[in-house]
Amino acid sequence: MPNAMDENSWLVLLRRIQDGKCTPFLGAGACYGVLPLGGDVARQWSQQFDYPLEDNYDLARVAQFLAVKHDDAMFPKEEIIRLFSGIAPPVFTEADEPHAALASLPLPIYMTTNYDDFMARALQANPNPVKTPVREICHWNRMAADHPCIFQREPDYQPTVQRPLVFHLHGYDLSPESLVLTEDDYLDFLVNISRNQQMLPHQIQRAFTGTSLLFIGYRLEDWTFRVLFRGLVSATEASLRRISVTVQLPPSGADVAAQEAIKDYRSAYFDRIDVKVYWGTARQFAAELRERWSRFNHGLAVGRP
């Protein structure tokens with residue numbers, strides 16, 4: 001397939017990482033096996049709160065139902081934080097743990113649409129070099145805008161390898177009001193960002209337009225992924241775009257023909273938006289990235305040994 005990751009794509013990506021010009025984006029799939037996926041949460045809530053529609057796998061819609069049913073927009077946000085609280089973080093010493101693999105790279109900015117602090121913890125756990133990450137949220141609504149901002153506290157702050165920025169586009173667990181969760185939240189987020197690009201610090205805007213983007217833990221069907229591309233990434237002029245990569249699970253099921261048809265469709269979609277595809281799990285990608293990065297740093301061929 002023309003847009004699948006090949007040796008040339010890997011070489012470009014590794015050079016961008018070496019130059020600090022790669023920005024990882026982490027979605028829910030990066031936490032697979034540690035936190036429940038959005039579809040699992042949606043189905044649990046659907047049963048618990050008697051969701052009446054058939055799309056009980058759609059977290060944004062089920063969360064919207066909870067907000068309407070309880071006449072309280074904060075109810076589903078507080079529920080999801082309660083659901084995730086107390087869950088132990090991933091084991092960052094595992095070679096194929098996605099957060100740890102990314103934390104070992106010399107990058108100044110990490111983007112995430114997850115609410116958890118796993119990326120920051122992985123950076124803190126990285127032994128060489130020692131890193132002190134800064135967590136920040138997107139000020140997409142008035143309540144989030146009231147949250148103290150590193151760029152206000154330290155006007156001269158610039159993300160570095162030693163003091164990297166973990167930027168939570170959709171809010172984080174320390175501020176329930178900052179979460180993008182319901183359908184209304186997604187619409188408000190996209191509208192507000194489109195109206196006022198200054199909601200994103202200029203360092204983040206440069207990351208969108210001036211680095212290679214690496215998407216881990218997203219599905220093509222995810223609202224989160226589509227909002228990112230349609231509302232933020234696709235605005236970059238085609239002549240200035242750098243290689244971007246998405247990690248996608250291969251289709252599964254008994255019908256091989258259907259699997260191939262799904263894979264062909266997804267490949268064609270990503271080809272249209274100039275994104276290379278790595279077919280595999282987040283952990284498979286993390287393990288291969290570690291191996292290739294190690295060989296690259298030692299002056300060896302970047303391909304598999």
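**Warm-up.** Is Cys138 buried or exposed?

*Solution.* This is a predicted model, and in it Cys138 has a relative accessible area of 0%. Buried means under 20%, so Cys138 is buried.

**Exercise 1: the sheet.** Find the order of the strands in the open sheet, and then name its edge strands.

*Solution.*
Step 1. Seven strands build the open sheet, in the order S3-S4-S2-S1-S5-S6-S7.
Step 2. Their pairing is parallel.
Step 3. S3 and S7 are the edge strands, since each of them pairs on one side only.
Step 4. On average, neighbouring strands of this sheet are turned by 20° against each other, direction ignored.
Step 5. Now look for helix H1 (residues 7–18), which lies across strand S1 (22–26), S5, S6 and S7. Helix H1 runs at about 100° to S1.

**Exercise 2: strand S6.** Work out how strand S6 is joined to strands S5 and S7, and why S6 is largely enclosed.

*Solution.*
Step 1. Begin with strand S5 (residues 212–216), which runs parallel to S6 and is joined to it by two bridges. Phe215 has Thr246 in S6 as its bridge partner.
Step 2. Turn to strand S7 (residues 275–279): five bridges join S6 to S7, and these two strands also run parallel. Here Gln248 stands opposite Trp279 in S7.
Step 3. Recall a general pattern: side chains in a regular strand alternate between the two faces of the sheet.
Step 4. Check each face of S6. Ser244, Thr246 and Gln248 are buried on one side, and Val245 and Val247 are buried on the other.
Step 5. Five of the five residues of S6 (residues 244–248) are therefore buried, so the rest of the structure largely encloses this strand.

**Exercise 3: a glycine after S7.** Locate Gly280 and list the residues it touches, not counting those up to four places away in sequence.

*Solution.*
Step 1. Gly280 sits in the loop between S7 and helix H13 (282–297).
Step 2. Its relative accessibility is 1%, so Gly280 counts as buried.
Step 3. With residues up to four places away in sequence left out, Gly280 touches Val247, Gln248, Leu249 and Pro250. Two of these names, Val247 and Gln248, appeared on the faces of S6.
Step 4. For a sense of distance, compare Gly280 with Arg16: they are 264 residues apart in sequence and 22 Å apart in space, C-alpha to C-alpha.

**Exercise 4: two helices that meet.** Describe how H3 and H4 are placed and which residues make their contact.

*Solution.*
Step 1. The axes of H3 and H4 come within 8 Å and cross at roughly 120°.
Step 2. That angle makes H3 and H4 oblique to each other.
Step 3. On the H3 side you will find Leu59, Ala63, Leu66 and Ala67, which meet Phe75, Pro76 and Ile80 in H4.
Step 4. Sort the contact residues by kind: seven are nonpolar, none is polar and none is charged.

**Exercise 5: unusual backbone spots.** Find two residues with a positive phi that are not glycine, and one cis peptide bond.

*Solution.*
Step 1. Keep the general rule in mind: most residues other than glycine have a negative phi, and most peptide bonds are trans.
Step 2. Asp50 has a positive phi of about 60°. You can find Asp50 in the loop between helix H2 (38–48) and helix H3 (59–69), and it is exposed, with a relative accessible area of 57%.
Step 3. Asp71 has a positive phi of about 50°. Asp71 is placed in the loop between H3 and helix H4 (75–84) and counts as exposed, at 72% relative accessibility.
Step 4. The cis peptide bond joins Asn128 and Pro129, with omega about 0°. Pro129 belongs to the loop between helix H6 (118–125) and strand S3 (134–137).

**Exercise 6: cysteines.** Explain why Cys31 does not bond to the closest cysteine sulfur.

*Solution.*
Step 1. A disulfide is a covalent bond between the sulfur atoms of two cysteines.
Step 2. The closest cysteine sulfur to that of Cys31 belongs to Cys22, 18 Å away, which is too far for a bond.
Step 3. Cys31 is also buried, with a relative accessible area of 2%.
Step 4. As for the whole structure, the number of disulfides is zero.

Methods:
Residues are numbered from 1 along each chain as its sequence is written. This is a predicted model: local features need pLDDT of at least 70, side-chain atom pairs count only at pLDDT 80 or more; totals for chains, interfaces and linings use all residues. Side-chain values use heavy atoms; hydrogens and water are left out. Buried means under 20% relative accessible area, exposed over 50%, partly exposed in between (1.4 Å probe, protein chains only). Two strands pair if DSSP finds at least two bridges between them. Axes are lines fitted to C-alpha atoms, for helices over the stretch in contact, and angles run from 0 to 180 degrees between N-to-C directions. Angles under 35 degrees count as roughly parallel, over 145 as roughly antiparallel, 65 to 115 as roughly perpendicular and the rest as oblique. Contact means heavy atoms within 4.5 Å. Ala, Val, Leu, Ile, Met, Phe, Trp, Tyr, Cys and Pro count as nonpolar, Asp, Glu, Lys and Arg as charged, and the others, Gly among them, as polar. A disulfide is a pair of cysteine sulfur atoms within 2.5 Å.
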